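Student: I'd like a close look at one part of this structure rather than a tour of everything. Please choose a single element and follow its connections outward, step by step.

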Amino acid sequence: MDYSFIINEWGEEREHYMNAVSPPIFQTVNFAFPTLADMREAISRENELPMYTRGTNPTIDMLNKKMAALEKTEAALSFASGSAAVAAAVMANVSAGDHIVCVEKPYSWTGKLLRQYLTRFGVETTFVDGKDPHNYVRAMKPKTRMFFLESPNSFTFEMQDVPAVTKLAKEHGMLTLIDNSYASPYNFNPAEWGVDIVIHAATKYISGHSDSVAGVVCGTKEMMDRLFYSELMAIGGVISPFNAWLLIRGLRTLEIRMQRVAETGMKVASWLAGQPQVRKVYYPFLSDSPDRALADKMLRNPTGQFSIELNTDEVEKVERFCNSLKRFLLSVSWGGYESLIFPALAISGPHPFSPSLIRFYTGLEDAGVLIADLKQALEQV
Ligand SMILES: *Cc1c(COP(=O)(O)O)cnc(C)c1O
């Protein structure tokens, strides 16, 4: 299936809704049946037939079909947030006494889920440097069930050799999960490289407009059916039909947004790498990045997220730089139309980052405008 067919046509049955080009939002809780036999049938196949919107809803189903096709998996399920998707995918595959191996420095709430929440239920996690795929195997215990990857990870964007990890995982009977939010399905399809479960914070690139929080889990039909009848239905972190519709709309432009972000991200990160006030740029696509070979191997294009370290340890200078930027909003998240910075200095509590570390996201603005803004702000340092 080609990409434009998936985003424009796949999963849409226009003849069922008066050939409306833009699909309707099935903003309903429940669905009624002509006969008791139909109702019984729907209740027995709740994962396939619309009956109650915590389970199946046609707008959400359309999104799920497109996401599965984009990730080249058999099926997908959407959730109320990326974190709900991560938690559901992990919890569906562990029991008390089990052990997980996860890349170090994953997304903050993934770390908290594994480090604080799941330990209450007797599930332990070991965090490893993902640069050496064998570190996953070295950390295994008798009851290890899964390897959790995020490639590149959050904030410092270290890549993992995904096919090397999945090969080792298969040899040891481990399930592999990956948070693929960074790349989006446009740039990376981990299932093609042997990953079992692919997770998205759809809040970011899939939505693309900073207006909806959502998550998606992609995998085999068998795995998604199991997830449906456990975490999705029992914990109920379901996406709303309206947000599913916003994500379908976001997907229409995923390709052109990702192309723009690739171009702007590369221009801005390369420019910053050449400035004396910048000590370091964390961006796997730069020619001198230690992760460049892995980025070339797995990611089709650059993206808009990178971090820099300013060439100073003076908190005041870092603050002055951040406060001087006019075209970058001081904000969390990324993946929308607007450019953002998230300085490590904004994080309260302990964290592993240098105080001069600033995460960037370049949105859809013109690269020249962003560079001019960075230039004036760097002159303040
Ligand atoms: C934002 C993010 C999440 C969490 O998504 P929410 O929709 O905010 O719950 C998970 N993983 C990564 C890599 C993220 O950037």
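**A close look at strand β4**

Tutor: Happy to! In this predicted model, strand β4 is joined by five bridges to strand β5 (residues 175-179), and the two run parallel. To find the register, start from M146, whose bridge partner in β5 is L175. Between these two strands the chain passes through helix α7 (residues 162-171), making a right-handed β-α-β crossover.

Now turn to the other partner. Strand β2 (residues 99-103) pairs with β4 over four bridges, again in the parallel sense. Here M146 of β4 stands opposite I100, so you can use M146 as a reference point for both pairings. In general, strands of a sheet pair through backbone hydrogen bonds, either parallel or antiparallel.

How enclosed is β4? Six of the seven residues in this strand (residues 144-150) are buried, so the rest of the structure largely encloses it. As background, side chains in a regular strand alternate between the two faces of the sheet.

Stepping back, β4 belongs to an open sheet of seven strands with mixed pairing, in the order β1-β7-β6-β5-β4-β2-β3. At its edges are β1 (75-79) and β3 (124-128), each of which pairs on one side only. From one strand to the next the twist averages 20°.

Continuing past β5, three bridges link that strand to β6 (residues 197-201) in the parallel sense, with I178 partnered by V198 in β6.

Next come the helices that pack here. Helix α5 (residues 108-117) lies across β2, β3 and β4, and runs at about 135° to β3. The crossover helix α7 also packs on the sheet, touching β4 and β5, and its direction makes about 175° with that of β4.

Finally, look at the loop that follows β4. Of the 15 aromatic pairs found in the whole structure, one to inspect is F155 with F353: their ring centres are 4.8 Å apart and their planes are at 20°, so the pair is stacked. F155 sits in the loop between β4 and α7, while F353 sits in the loop between β11 (340-343) and β12 (357-361), so this pair ties together parts that are 198 residues apart in sequence. Both F155 and F353 are buried.

Methods. Residues numbered from 1 in each chain as written. Predicted model: local features only at pLDDT ≥ 70, side-chain atom pairs only at ≥ 80, totals over all residues. Heavy atoms only, no water. Buried < 20%, exposed > 50% of the residue type's maximum accessible area, 1.4 Å probe, protein only. Pairing = 2+ DSSP bridges. Right-handed = clockwise from strand over helix to strand, strands pointing away. Axes fitted to C-alpha atoms, helices over the stretch in contact; angles between N-to-C directions. Contact = heavy atoms within 4.5 Å. Phe/Tyr/Trp six-rings, centres within 6.5 Å; stacked < 30°, edge-to-face > 60°.
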